Amino acid sequence: MDIGALLTTAGNLMLTGMVGVFVFLSILIGAVTLMSNLVTRFSEPDVAPPVKSPSFKSQGVPNEHIAAISAAIAQYKSNNK
């Protein structure tokens with residue numbers, strides 16, 4: 001086979017693949033759009049209860065942890081002078 005025939009075969013294969021992918025993606029987009037329209041048309045609107053904002057208590061760092069960290073820092077500084 002000469003180079004021209006190989007390039008023609010490669011071009012045909014590339015074009016066939018690109019058309020196949022384009023058709024598949026077009027069908028996929030159409031199917032997803034159709035399903036979305038069907039779901040919104042036939043689904044009943046949900047009445048959600050009012051959302052209460054979560055009430056978080058302030059969870060600060062306990063004083064015992066602050067004291068332990070401060071003592072560890074002081075000990076580190078005194079040992080590494």
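In this predicted model, buried residues account for 0% of the 81 residues that make up the chain. The chain has a radius of gyration of 34 Å, whereas a compact globule of 81 residues would have one near 12 Å. The points below take up the overall form, the surface and one residue in turn.

**Overall form**
- The chain contains two helices and zero strands, and helix α1 covers residues 3-42.
- Taken along the principal axes, the box filled by the C-alpha atoms of the chain is roughly 85 × 55 × 10 Å.

**Surface and charge**
- The chain exposes an area of about 8,000 Å², of which 69% is supplied by carbon and sulfur atoms.
- A nonpolar patch of about 580 Å² lies on the surface, and the residues that make it are V21, F24, L25, L28, V32 and M35.
- The chain carries 5 positive and 4 negative charges, and the mean positions of these two groups are 26 Å apart.

**Residue M35**
- M35, which is one of the residues making the nonpolar surface patch, is found in helix α1.
- M35 counts as exposed because its relative accessible area is 51%, and the cut-off for exposed is over 50%.

Methods
Residues are numbered from 1 along each chain as its sequence is written. This is a predicted model: local features need pLDDT of at least 70, side-chain atom pairs count only at pLDDT 80 or more; totals for chains, interfaces and linings use all residues. Side-chain values use heavy atoms; hydrogens and water are left out. Patches are made of residues with over 30% relative accessible area and no salt bridge: like charges are joined within 9 Å, nonpolar side chains (Val, Leu, Ile, Met, Phe, Trp, Tyr) within 5 Å. Accessible areas come from the Shrake-Rupley method with a 1.4 Å probe; for residues, only the protein chains shown count as cover. A salt bridge is a side-chain nitrogen of Lys or Arg within 4 Å of a carboxyl oxygen of Asp or Glu. Helices (H or I, at least four residues) and strands (E, at least two) are DSSP runs, numbered from the N terminus. Buried means under 20% relative accessible area, exposed over 50%, partly exposed in between (1.4 Å probe, protein chains only). The radius of gyration is taken over C-alpha atoms; the globule rule is 2.2 Å times the number of residues to the power 0.38. Lys and Arg count as positive and Asp and Glu as negative; His and the chain ends are not counted. The place of a charge is taken as NZ of Lys, CZ of Arg, CG of Asp or CD of Glu.
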